2 protein chains.
Amino acid sequence: MDENTLTIILVEPQLGQNIGAVARAMLNFGLTDLRLVNPRDGWPNPEAIPPSAGADKILNNARVYSSTLAAIKDLNLLFATSSRIPDMIKSIYAPKAALEYLTSVAQQGQKVGVLFGGERCGLRKEDISLCESLIKIPTKNDFHSLNLAHAVALVSYEWFTQISSFPSQVFRTGRTCLATREDLGNLFTHLEGELDRTGFLRHQKKRANMVRNIRNIFQRASLTEQEVRTLRGIIRSLAREPEDVRKTKVM
Amino acid sequence: MDENTLTIILVEPQLGQNIGAVARAMLNFGLTDLRLVNPRDGWPNPEAIPPSAGADKILNNARVYSSTLAAIKDLNLLFATSSRIPDMIKSIYAPKAALEYLTSVAQQGQKVGVLFGGERCGLRKEDISLCESLIKIPTKNDFHSLNLAHAVALVSYEWFTQISSFPSQVFRTGRTCLATREDLGNLFTHLEGELDRTGFLRHQKKRANMVRNIRNIFQRASLTEQEVRTLRGIIRSLAREPEDVRKTKVM
């Protein structure tokens with residue numbers, strides 16, 4: 001087990017299928033410590049295997065407990081999830097803020113976990129009172145009951161997003177690289193020269209503005225060197241008169 | 001259909017069960033426009049109904065298309081999802097950043113959507129080339145294949161988080177309210193008086209520090225008025241000698 005991890009505890013889960021889907025979502029986001037409190041259909045449960053989609057090790061290592069208190073006793077910080085806000089005096093966190101808090105405590109070497117209730121009615125108030133705070137996944141008012149595995153997936157995703165620090169946006173150019181400003185300048189000169197020749201830019205008053213707008217189209221496309229070559233080939237091909245084509249073929 | 005919404009397009013989904021779970025996750029997060037491109041087992045599919053958990057209207061209104069191009073033609077901005085990054089020149093967004101972009105365009109009254117591939121191998125490159133950018137849900141390297149409905153749930157959750165602007169943290173006190181600073185001051189005076197009496201605070205050099213630490217315990221608990229009354233009752237009860245109890249009973 002990783003040192004910095006989030007423990008997922010399912011209290012009285014009903015469907016083996018959901019437990020399997022929970023295992024898959026956990027492993028997608030790098031979590032491995034699954035604990036089950038009184039699963040309705042016993043454990044192990046063969047129905048959990050297909051939806052785990054290969055996350056067998058999570059299922060095989062899942063520990064089963066006869067009480068919530070027994071399942072959580074080594075944890076230093078525990079949050080509960082609930083789709084409805086119980087009539088209790090509690091801090092209620094959005095998932096992202098909750099996982100920021102939980103990861104910050106885990107990164108100090110402390111054990112953290114999140115408690116999820118069963119499919120039918122979620123966590124009991126007694127279980128929530130064992131937790132420091134609540135996580136409320138924001139949902140549309142009139143349809144707030146999330147699938148158990150979806151709830152675990154969202155919490156696990158927010159955990160992994162916190163600890164993995166993937167960039168918000170990457171521009172992938174693969175084996176090529178972005179065109180230099182000189183390549184782009186040559187493309188613009190080529191295109192605008194042809195457009196002057198064909199009369200597209202004949203209105204001198206509008207010319208500067210039209211040129212800017214056309215350049216912006218290609219700027220937004222973040223062209224690579226190869227793509228600039230392709231576009232110049234396209235311009236050459238379009239600018240060629242059909243007679244030229246015939247002449248080329250003859251030559 | 002809401003004006004500002006996100007369209008979910010599933011390209012060649014295989015399992016009716018997953019389509020049902022997608023519908024449930026969409027409705028949880030306020031989305032209603034589901035489109036299916038060549039679902040493997042035809043449509044409607046009775047296997048989609050139980051996992052939709054009451055999101056029937058999404059299933060009943062789902063539209064079926066025979067090509068991706070036909071399914072997306074009214075959309076102004078379209079992102080693709082992929083668990084693997086294809087060898088293409090594309091911008092790749094984390095889910096949160098992607099949905100920030102998509103919601104900002106939707107809020108200008110334009111139609112936006114996200115394309116999801118089938119269970120077996122995700123989107124084909126031809127479908128990805130119909131999209132402006134990619135969404136990559138960050139996953140653990142060696143287990144990157146998400147369940148289709150989980151992927152839709154995550155994207156829908158990020159959409160709803162963007163447009164609903166729920167607060168990161170709320171402290172819920174229900175019908176009561178937080179204790180006033182005077183209530184807390186009286187609690188501290190009461191507790192410290194009893195602890196002086198019983199000798200717990202007898203080391204004068206340490207007293208000030210101990211008092212600060214004890215006060216901080218109760219400050220962190222964000223006590224309500226009623227809870228301060230409860231704690232004062234607990235102090236009175238603990239401070240009472242067993243003989244006093246007997247005397248009280250007799251009286």
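Is B:Asp74 buried, partly exposed or exposed? At 31% relative accessibility, B:Asp74 counts as partly exposed, because the partly exposed class runs from 20% to 50%. The model on screen is a predicted one, and the tour starts at this residue.

**Stop 1: B:Asp74 and B:Lys111**

Select B:Asp74 together with B:Lys111. Their side chains meet in a salt bridge, with N to O at 3.1 Å. This pair links distant parts of the chain, the two residues being 37 residues apart. B:Asp74 sits in the loop between α4 (68-72) and β4 of chain B, while B:Lys111 sits in the loop between α5 (95-106) and β6 (112-116) of chain B. B:Lys111 is partly exposed, with a relative accessible area of 38%.

Now go to chain A and select A:Asp33, A:Arg35, A:Arg63, A:Asp74 and A:Lys111. Salt bridges that share partners join these residues into one network. Over all chains, the structure holds 25 salt bridges.

**Stop 2: a salt bridge inside a helix**

Select A:Lys96 and A:Glu100. Both belong to helix α5 (residues 95-106) of chain A, and they stand four residues apart, about one turn of the helix. A salt bridge joins their side chains at 2.9 Å, N to O. A:Lys96 is partly exposed at a relative accessible area of 31%, and A:Glu100 is partly exposed at 36%.

**Stop 3: a salt bridge between chains**

Select A:Arg172 and B:Asp87. The closest N and O atoms of this salt bridge are 3.6 Å apart. The pair crosses between chains: A:Arg172 is in strand β8 (residues 169-172) of chain A, and B:Asp87 is in the loop between β4 (77-81) and β5 (90-93) of chain B. A:Arg172 counts as partly exposed at 24% relative accessibility. B:Asp87 is partly exposed as well, with a relative accessible area of 40%.

**Stop 4: a buried lysine**

Move to B:Lys136, in the loop between β7 (133-135) and α7 of chain B. Which side chain of opposite charge is nearest to B:Lys136, and how far away is it? It is B:Asp142, 11 Å away; B:Lys136 is buried yet has no salt bridge. A polar atom of the B:Lys136 side chain does lie 3.3 Å from the backbone oxygen of B:Ser83. Leaving aside neighbours within four places in sequence, the residues in contact with B:Lys136 are B:Ser82, B:Ser83, B:Ile85, B:Ile92, B:Tyr93, B:Ala94 and B:Pro95.

**Stop 5: helix α1**

Select residues 16-28 of chain A, which form helix α1. At 1.5 Å a residue, its 13 residues should span 18 Å, and the end C-alpha atoms are 19 Å apart, which agrees. Of the 13 residues in α1(A), 12 are buried; among them are A:Gly16, A:Ile19, A:Val22, A:Arg24, A:Met26 and A:Asn28.

What covers the buried residues of α1(A)? The cover includes β1 (6-11), β2 (34-37), α2 (49-52), α3 (56-61) and α7 (148-164) of chain A, together with α7 (148-164) of chain B. After α1(A) comes A:Gly30, whose phi is positive, near 75 degrees.

Then select B:Asn28, in helix α1 (residues 16-28) of chain B. B:Asn28 counts as buried at 0% relative accessibility. Apart from neighbours within four places in sequence, B:Asn28 is in contact with A:Thr139, A:Lys140, A:Phe143, A:His144, A:Ser145 and A:Leu146.

**Stop 6: the nonpolar core**

In soluble globular proteins, nonpolar side chains tend to be buried together. Here the largest nonpolar core has 86 residues. Select A:Leu6, A:Leu10, A:Leu34, B:Leu6, B:Ile8, B:Leu10 and B:Leu34, the residues with the most contacts inside that core. Taking A:Leu6 on its own, its contacts beyond four places in sequence include A:Leu31, A:Leu99, A:Leu102, A:Val112, A:Val155 and A:Trp159.

**Stop 7: backbone details**

Select A:Trp43 and A:Pro44, which are joined by a cis peptide bond with omega of about 5 degrees. A:Pro44 lies in the loop between β2 and α2 of chain A. In chain B, a cis peptide bond joins B:Trp43 and B:Pro44, with omega of about 0 degrees. B:Pro44 is in the loop between β2 (34-37) and α2 (49-52) of chain B.

Finish at A:Ser222, in the loop between α9 (204-220) and α10 (225-239) of chain A. Its phi is near 45 degrees, a positive value in a residue other than glycine. A:Ser222 is partly exposed, with a relative accessible area of 28%. B:Ser222 has a positive phi of about 50 degrees and is partly exposed at 26%.

Terms used: Residues numbered from 1 in each chain as written. Chains lettered and ligands numbered in written order. Predicted model: local features only at pLDDT ≥ 70, side-chain atom pairs only at ≥ 80, totals over all residues. Heavy atoms only, no water. Expected span 1.5 Å × (residues − 1). Buried < 20%, exposed > 50% of the residue type's maximum accessible area, 1.4 Å probe, protein only. Contact = heavy atoms within 4.5 Å. Lys, Arg positive; Asp, Glu negative; His and termini not counted. Salt bridge = Lys/Arg side-chain N within 4 Å of Asp/Glu carboxyl O. Polar contact = N/O pair within 3.5 Å; in protein donor to acceptor, adjacent residues only side chain to side chain. Core = buried A, V, L, I, M, F, W, Y, C linked by side-chain atoms within 4.5 Å.
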